[in-house]
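Let's take a look at how two protein chains sit together. Have the structure open while you read, and turn it as you go.

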Amino acid sequence: MTWAAMTIPDDPADLPGWLESQLVGPDLGRLATELRAVHPPRSPAPSLDAVLGSSAGAVLRSGLGGLPRPALQVLLRHPDLLLELQERVLIAGTGYWAARPTSEEFGRAVDRGWERVRTAAAGVRVEPAPAPVRARSGTARRFLAYAVTSLATAAAVLIAVIVGLSARFDSEKRAAETARLDLTRERDDARAAAAAAEARAADLQAKAAPSGWGWQRADAFPTGATRAEYLTQLADRAEEWFKKRPDTPEALARRLGEFRQGCSALQFAAHAPLPEADREWLRERCRVWSRRFDEQRAQVEEAGDTAATRAAADATVRQLVTALRTRAAAG
Amino acid sequence: MDVNALYHAHAPALLAFLSARLPSWEAAEDLHHTVWVRALRQPRELSGDHARRWLFTVAKNLLNDHWRRPESRRRKAELDPDLPAPAEESPDPDDRLARLKNCIGQLSADYRAVVEARFAGESSAETAARLGIAPALVDTRYHKAKDRLRTCAGEPPS
């Protein structure tokens, strides 16, 4: 794991730009942890407003370039303030901060997220709009006005007529507003439905592609590879687990089942490029991993806790990938 | 409502926000995804000027829920008995903080001083002037200290 804090520039002129990159990038949490390890919390910690002072508005509009250097150094010594500042600038989302470049890797992660969102949209049911409150009918208003006029004096008749006309105007205005809200909601729902349909089509297209992933792929166990290449390829195939992030217990159970079938394929494969010792090791490890996937599948089927089970499965896959790569490198 | 445009306008900020507050990148991506699934269910919330604020409110609520879960507090991966745990497998920030503190504590006072100075935004020249030593010596100490910290934290030296 790399240290984000070790990239702090030596040149003070580069510090504002570097810090801005940290605030909009994916590593601020790691940076904060590293800074905490070196600068333990001191009380009383200054408030962010006190550190930014009169520059607070300028920071949101145009970044940290105008912030005095001592203020930047206080932020580094109090990393909790960095997190607070990050929240402020990200929520404000001004043009300056939105235009800050981020790494290609981070951009790819954002694009990957969009693919997942598109896929998820296929299964999303748009919550219906709450039933709009209907305005009272104009007839009731007119009847009320009529009743008033029938009991009033000549002078009151004039007032009642005015009240009646006003009520009718008010009623019609409210009815028009209700209709406008209905139309807006219907338009939103229609657009969401269109987005869902588009994503559903993309999902169907994806499903039409050749199936099989991980150790179930036809080319999962190459015969012409060297020992190291073979073990590395097994690790690469296992990492395909992370290409999909199932969000429901059903989808996660299915994905775990697919990985588990891959374990069976691994168990019974010939592993021709491997010497006997490696084959023994691989099959023994395979039994351990299979047991874990079985447990995890049972867990998600019983408890339905997708997040916890997926985290446990992620950990298992990372461990087996590490084991395979370590073995490949061991010669 | 153009979901694609909304996503690309707000997702980088949301993802940066979540990744700074969660122990692993996978957890940040998952929670980020959940925010957008909720948004898809409530498209009206995205149609106004407050979409960004609404998305961050949802994200903060999900973060709170995440940290309230017992398994989040005792996030310990089951480890293979024959495998050393690589650094990536201890994503809990409290674990990492303890490990880094331990590494910092193993440095000599001279090395620790230059690390503290750089991690507070001080240049080599400023540190040299403050400590009364040559800037080149500050650089040498900082370089060696970084290697020791990387090794201690399980990362190959540069």
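Chain B and chain A bury about 6300 Å² between them, and 58% of that area is on carbon and sulfur atoms. If that sounds like an odd way to describe a meeting of two chains, here's the idea: the size of an interface is often given as the accessible area lost when the parts come together. Within chain B, the residues that lose the most area to chain A are Arg44(B), Arg96(B) and Phe119(B), together 12% of what that side buries. Keep in mind that this is a predicted model.

You can also count residues. On the chain B side, 66 residues are in contact with chain A, where 80 residues meet them.

**Pairs across the interface**

Side chains of opposite charge can pair when their charged atoms come close. How many salt bridges are there between chain B and chain A? The count is eight, while the structure holds 27 over all chains. Here are two examples that join the chains:

| Residue in chain A | Residue in chain B | N to O distance |
|---|---|---|
| Glu87(A) | Lys60(B) | 2.6 Å |
| Arg69(A) | Glu126(B) | 2.5 Å |

To find the Arg69(A) pair, start in helix H5 of chain A (residues 69–77) and cross over to Glu126(B) in helix H7 of chain B. Polar contacts add to the picture: 22 residue pairs make one across the interface, counting pairs with both residues at pLDDT 80 or more.

Which parts of chain B do the touching? Several helices give two or more residues to the side that touches chain A, including H2 (25–41), H3 (51–68) and H8 (135–152) of chain B. The largest share, eleven residues, comes from H1(B). Sorted by type, this side of chain B has 31 nonpolar, nine polar and 26 charged residues.

**A pocket with both chains in its lining**

Now hunt for the second largest pocket, which has a volume of about 180 Å³. It is lined by 13 residues, and the closest to its centre are Val24(A), Trp97(A), Ala98(A), Pro12(B) and Ala13(B). Helix H6 (79–92) and helix H7 (95–98) of chain A each give two or more residues to the lining, as does H1 of chain B.

Which element gives the largest share of this lining? That's H1(B), with four residues. The lining of this pocket divides into eight nonpolar, three polar and two charged residues. So H1(B) turns up twice, with the largest share of the chain B side that touches chain A and the largest share of this pocket's lining.

Conventions
Residues numbered from 1 in each chain as written. Chains lettered and ligands numbered in written order. Predicted model: local features only at pLDDT ≥ 70, side-chain atom pairs only at ≥ 80, totals over all residues. Heavy atoms only, no water. Contact = heavy atoms within 4.5 Å. Buried area = accessible area lost by both parts, 1.4 Å probe. Salt bridge = Lys/Arg side-chain N within 4 Å of Asp/Glu carboxyl O. Polar contact = N/O pair within 3.5 Å; in protein donor to acceptor, adjacent residues only side chain to side chain. Nonpolar A, V, L, I, M, F, W, Y, C, P; charged D, E, K, R; others polar. 1 Å grid on protein atoms, 1.4 Å probe; cavity = no way out; pocket = protein on both sides within 12 Å on 5 of 7 lines; lining within 4 Å. Points joined across faces, edges and corners; volume = space filled by probe spheres on them.
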